[in-house]
Amino acid sequence: MSTNSSGDRPQLVDIGVNFHAAQLVSLTDALLVRAKAAGVTQILATGTSLASSRLARDLAKANPGVVFATAGVHPHGAKSCDPNTLRELAELWKCSQVVAIGECGLDYNRNFSTPQLQRIAFERQLSMALGIRKPFFLHCRDAFTDFHDMLAPVVADGARGVVHCFTGDRAEAEAFLGMGLDIGITGWVSDLKRGMALREAISAIPLDRLHLETDAPYLLPKNPGVRRGHNEPANLRWIAISVAELMNRDVEEIIQACSDNSRRMFGLPSV
């Protein structure tokens, strides 16, 4: 397996960057410059609230063909997901710059919003967005059973999407794949302490169902040589390297396949 290639390299797509996070909010221009230099030519700006979804849409407008937006309410903010928020989100979902519904889902790890309120907000986003026919950008942490049960009928009705920042085990990966959902992999896959279940699950994920993401500024890859500090799109290749090592494939093959998957899923232009 090689981690380098001569000539032109396939261009990377980062399907999850929190440009609105405090660590990154003032660094957008520099992040995009470094991303391009690292071969990351298309990025999804993650919306986790109405406010951040608007910011993501505006960033996509300002960087056409490079930045694209998602729009949704993260489970942490479910307690604030009122009818007005949902109406405003529905308008954002119609924007051409918004290529996915979310980040939405369930997170029972910290319960910043109660599980009940999370389920209500998730169900409302699922039901309202189904007619939009855009893919879902999904979040699940310590909530597999409820998440799976809520998604199953929606997927049966034609919904598609990516379980973003997947950190679960092989059985969970196989369950999501069996539903027809794709899997997004972050720097968690390079963590030899916390990421072992994910590392063992990688072999269960077909290459045509896999996506790469930094989830910047979080989950800095643990590969040797990665600088400390906040994560950013320029680090995406390190995640591809970890995946390539686990799959015993060439890193350029991983990048090409995952980038093709992401462009197909989110309707991104070819580069």
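Exposed means over 50% relative accessible area, and buried means under 20%. These terms apply to the close-ups below, all taken from a predicted model.

**Close-up A. The two sides of helix 1, residues 28-37.** D29, V33 and A37 are exposed. On the other side of helix 1 from these, T28, L31, L32 and A35 are buried. The buried four cover an arc of only 95 degrees around the axis, so they sit on the same side of helix 1. An α-helix has 3.6 residues a turn, so residues three or four places apart point the same way.

**Close-up B. The cover over helix 1 and the residue that follows.** What lies over the buried residues of helix 1? The cover includes strand 2 (40-45), helix 2 (50-62) and strand 3 (67-71). G39 comes just after helix 1. Its phi is positive, at about 85 degrees.

**Close-up C. T85 in helix 3.** Is T85 buried or exposed? T85 has a relative accessible area of 9%. The cut-off for buried is under 20%, so T85 is buried. Leaving out residues up to four places away in sequence, T85 touches L50, V73 and S80.

**Close-up D. Helix 3 (residues 83-93) against helix 4 (residues 115-129).** Two packed helices are described by the angle between their axes and the distance between the axes. Here the axes come within 11 Å. They cross at roughly 40 degrees. Helix 3 and helix 4 are therefore oblique to each other. Their crossing is right-handed. From helix 3, L86, L89, A90 and W93 take part. They meet R124, Q125, M128 and A129 of helix 4. By class, this contact of helix 3 with helix 4 holds six nonpolar residues, one polar and one charged.

**Close-up E. Helix 8 (residues 236-247) packed on helix 9 (residues 251-266).** At what angle do helix 8 and helix 9 pack? The angle is about 115 degrees, and the axes are 8 Å apart. That makes helix 8 roughly perpendicular to helix 9. Helix 8 passes helix 9 in a right-handed crossing. Helix 8 contributes R237, A240, I241, V243, A244 and M247 to the contact. Helix 9 contributes V251, E252, I254 and I255. Eight of the residues in the contact of helix 8 with helix 9 are nonpolar, two are charged, and none is polar.

Definitions and conventions
Residues are numbered from 1 along each chain as its sequence is written. This is a predicted model: local features need pLDDT of at least 70, side-chain atom pairs count only at pLDDT 80 or more; totals for chains, interfaces and linings use all residues. Side-chain values use heavy atoms; hydrogens and water are left out. Buried means under 20% relative accessible area, exposed over 50%, partly exposed in between (1.4 Å probe, protein chains only). The arc is that of the directions from the helix axis to the C-beta atoms. Contact means heavy atoms within 4.5 Å. Axes are lines fitted to C-alpha atoms, for helices over the stretch in contact, and angles run from 0 to 180 degrees between N-to-C directions. Angles under 35 degrees count as roughly parallel, over 145 as roughly antiparallel, 65 to 115 as roughly perpendicular and the rest as oblique. A crossing is left-handed if the near helix is turned anticlockwise from the far one by less than a right angle, and right-handed if clockwise. Ala, Val, Leu, Ile, Met, Phe, Trp, Tyr, Cys and Pro count as nonpolar, Asp, Glu, Lys and Arg as charged, and the others, Gly among them, as polar.
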